[in-house]
Each structure stands twice: as C-alpha cells, then as structure tokens.
Amino acid sequence: MGNRYMPHIGMVALASQQYLAIAFIYSAIPVILRGNGASLESVGLYSTAFFAFTVNFLWAPVVDRRSLNRLGLRRSWIPLTQVATTTVLAAMAFLNPRTDFVAIFLVSLALATVAATQRIATLGYIAEALDSGERPLGAALLGWGRVIGHVIGGAVCLQLIEIVGWRPALLSLAVVLAAFAGWVFAIPEPFLCKDLSRSPQRLSIFAILRNNGLWTTAALIAPGVIGIAVAFATVQLRLVDLGFAAADIGWIGALSNVVTYTIIAPLTSAILARMAPQQGLIWGCAVLAIGFGALSVIDRYVDVRVSAVGSVGFVFAALAVQHVTFTNWFLGLARPGKAGTDVTFLTSVMSAFALAAFAPSGFIAARLGYGVTLIVPGLGYALSALLAAALLCQAATVAPEE
C-alpha cells in the first residue's frame, strides 16, 4: 500500500516545494510592495517576474531527457532546483522592499526561473506516474500541494514579516525550503521514465511548435486565463487599499485556498472523472462564467469590505476549478516520453497569457475600478466555453465522415 500511494503523496510534496516560492512571489511580495507605497501600476508590472513560466518550454526537452545524477530523470532535477531556490531567497533577504524595487524584481525573476524549471520535472513526474483514470485525482492532489505552498509562502511569511521583519522572515523561509528538498528521496521514479532512459528519443522544440493540437488547446484556454489573471493580480491589492493588514490579507488568501482545494477541487475532480476532458473544459468554463457574472452584480450591492473578501475567495475557487480542469486536459494530451515538455509547453502558453494580463491589471483597476476586474474573467471564461463547444461540435461532425 505504501508503494501504491507514494506517487500521490509525492505529488503533494513536490507541489508544496514548488509553490512555496511561487506563492511568495505572487502573494506576499505584491502586498509588501503596495504596503510600502508602490503604485498599482508598479505592482502590476512587477508581476512580469513570472516571465520564466512563459518560456520554460524552451529548456523543457533538456529536463525531459537529461538525468543529472543517479536519482533518476525526474528526481535528479528537484534537489538542484531546491538548493537554487534557497540560495536566491536568502539573497533577497538582504534587500529593502521600500527602496530596492528593481533589485527585488530581478531576484524574483531568478526565483521564478528556478521554480519554472522544477515545474517541468514535477509535471513530467505526474504525467508518467499516474494512469488516465487517476489524473483528475492527481490534479486535485497537485492543487493541495499548491495550497500548502501558498499557506507557507503567502500567509505564514507575511505574518513573520510583520512579527520579526523582512530579513529574518525570508531567511526562515529559505530554511523551510531547504528542508522540503528531502522529500525527493521518499518518492519512486516512474517506471515509464526508467524505460525511456534506456532508449532515449530526440525532442525538438520545432516539432512541438508545429503541433496543431497544442496550439488549438492554447487558443481555447486563452480568454479564460487572461480574464482570471486580471482578477487575480488585483483582488488582494483591493484589500490593501481598504486598509487590511498585510498578515490578514495573507491569511484571507490562504484560508480561501484551503477551503477551495478541500471542497471545490475534489468536487471538480469527481465530476471530471465522469466525462471526457474537453466536455469537462466546457462545463468548467461555463460554470465560472456564470459565477463571475453573478459576482460582478453582487459586488455593487454588498458592503465593499465584505465584497472584497468574498471576491478573494471566489477568485481562488475559480483557480481551483481551472487548475483541475485544465491540468486533467493537459495530462491527457501529453505524449509518452515527452510529457514534461508537452504539458510544460501548454502551461507556458498559459503563463504567457496570464503575464499579458498581469502587466496592465494595475492600470485597469486604477482607471476603471476594481469592479471591472471581476467582469473580465466572466467574459473570458464564456468565450473559452464557446470555443471549446464549437471545436467539440466540429469534431463530432467530421468523425462520421471519416
């Protein structure tokens, strides 16, 4: 039983390691920068530190095919990235968030690059360790790992910063990351990965770029990803402007994440297990479109502080549904021996769309108001659902003719 469930436990651990650093970048630092006087526009531009996640497919074939040591193809990359993450985070501890905006941005870019590399190995491991029937559950477990990482990298870190200050808090976080690196020794290398290492195949970025199926997938998810990115980048900044303490904001986000991945993600996983991945995509996007439409209306009639807190919870719930739905679809599209590269390419394109939305998000909130940032994701998800439905209808029409 231990060996059977070890990959599932490993997924939670791997995701926790990876998202601890990511959550620190997207959840803690923007709140600290805004609290130290940075403008909405500057904080929005800071989000471009995630640029590495838009181009990590360029080095994904290397991670997919080159083992660094005897730990195995997938496991060999994880300790290296964890050591690098610990080092970069420790370096950031000696910067001042009030005056060193550019330096913090550059170090965050380096931190995101390391996390993006670890994500390649993690996604490859998950795609090859689980069969098709386990993938919805795997996506939910991966989300639970994200929750743990978010709680530590976001809420706990913000609380520590308020109590002990910036430098001690970041150095403590670096120590936690170093401890997490030991998890890699408890998970087995996927059998498929071992077999492929004996007969390596050549992976070509150009072959990936010519894959029409991957590009079709990217086009379908683009509107929804862009919309939720605008809401996600600004929803916690709204709490800052309303006078919420940084630690309180961190815990609001963390608890929202815990609740959604305890209830929403497993429910989504159970529903997806009963339908085809593309039908699941249509269902998920349609539900989110209706939800954000209702939220944007309710936002006008509810107390602003209550609405702001509720919006945080709903945005995280939407991210949970999107994560399970999209990840399940991506894993189903991955080719044997190229899983890390294929899934990384799709997540990279996803990140590119999110990055394109992050940069102007502060301008949208400053010029049009926070209410508009709740309308955009509803429109985006509605368009993604319509595009996916159109593709499904086209496929159903062509199939009988063939």
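This report walks through a predicted model of a single chain, from its overall make-up down to a few residues.

## The big picture

Start with the secondary structure: the chain has 16 helices and zero strands. It runs to 402 residues, and 57% of them are buried. As for the outside, the accessible surface is about 16100 Å², and carbon and sulfur atoms account for 68% of that.

How do the contacts spread along the sequence? Take the contacts between residues at least 6 apart in sequence: 85% of these join residues at least 24 apart.

## Two helices to look at

Helix α5 covers residues 77–92, which makes 16 residues. From its first C-alpha to its last it reaches 23 Å, close to the 22 Å expected at 1.5 Å a residue. Plenty of its residues can be named as buried, including Trp77, Ile78, Pro79, Thr81 and Gln82 at the start of the list. Further along α5, Thr85, Thr86, Val88, Leu89 and Met92 are buried too. It helps to keep one general point in mind here: an α-helix has 3.6 residues a turn, so residues three or four places apart point the same way.

Now move on to helix α12, residues 246–272. With 27 residues at 1.5 Å each, α12 should span 39 Å, and its end C-alpha atoms are 36 Å apart, which agrees. Where does α12 bend? Look at Tyr261, where the bend is about 40 degrees.

## Aromatic pairs

The model has six aromatic pairs. One of them joins Phe232 and Phe358, whose rings sit 6.5 Å centre to centre with 40 degrees between the planes, a tilted arrangement. Phe232 belongs to helix α11 (residues 212–241) and Phe358 to helix α15 (residues 339–368), so this pair ties together parts that are 126 residues apart in sequence. Are these two rings' residues buried or exposed? Phe232 has a relative accessibility of 13%, under the 20% cut-off, so it counts as buried. Phe358 counts as buried as well, at 11%.

A second pair is made by Phe292 and Tyr381, and this one is stacked: 6.2 Å centre to centre, with 20 degrees between the planes. Here, too, distant parts of the chain are linked, since Phe292 is in helix α13 (residues 277–298) and Tyr381 is in helix α16 (residues 372–401), 89 residues apart. Phe292 is buried at 0% relative accessibility, and Tyr381 is buried with a relative accessible area of 0%. There is also a cluster to find: Phe232 and Phe358 join Phe316 in one aromatic cluster.

## A glutamine in α11

Helix α11 also holds Gln236. With a relative accessible area of 5%, Gln236 is buried. Which residues does Gln236 touch, leaving aside its neighbours within four places in sequence? The contacts are Tyr26, Ser27, Ile249 and Gly253.

## Cysteines

How many disulfides does the structure hold? The count is zero. In general terms, a disulfide is a covalent bond between the sulfur atoms of two cysteines. Two cysteines can still be placed by their burial: Cys157 counts as buried at 2% relative accessibility, and Cys285 is buried with a relative accessible area of 2%.

Conventions: Residues are numbered from 1 along each chain as its sequence is written. This is a predicted model: local features need pLDDT of at least 70, side-chain atom pairs count only at pLDDT 80 or more; totals for chains, interfaces and linings use all residues. Side-chain values use heavy atoms; hydrogens and water are left out. A disulfide is a pair of cysteine sulfur atoms within 2.5 Å. Buried means under 20% relative accessible area, exposed over 50%, partly exposed in between (1.4 Å probe, protein chains only). Helices (H or I, at least four residues) and strands (E, at least two) are DSSP runs, numbered from the N terminus. The expected span of a helix is 1.5 Å times one less than its number of residues. Contact means heavy atoms within 4.5 Å. Accessible areas come from the Shrake-Rupley method with a 1.4 Å probe; for residues, only the protein chains shown count as cover. The bend at a residue is the angle between axes fitted to the seven residues ending there and the seven starting there. Rings of Phe, Tyr and Trp (its six-membered ring) pair if their centres lie within 6.5 Å; planes under 30 degrees apart count as stacked, over 60 as edge-to-face and the rest as tilted.
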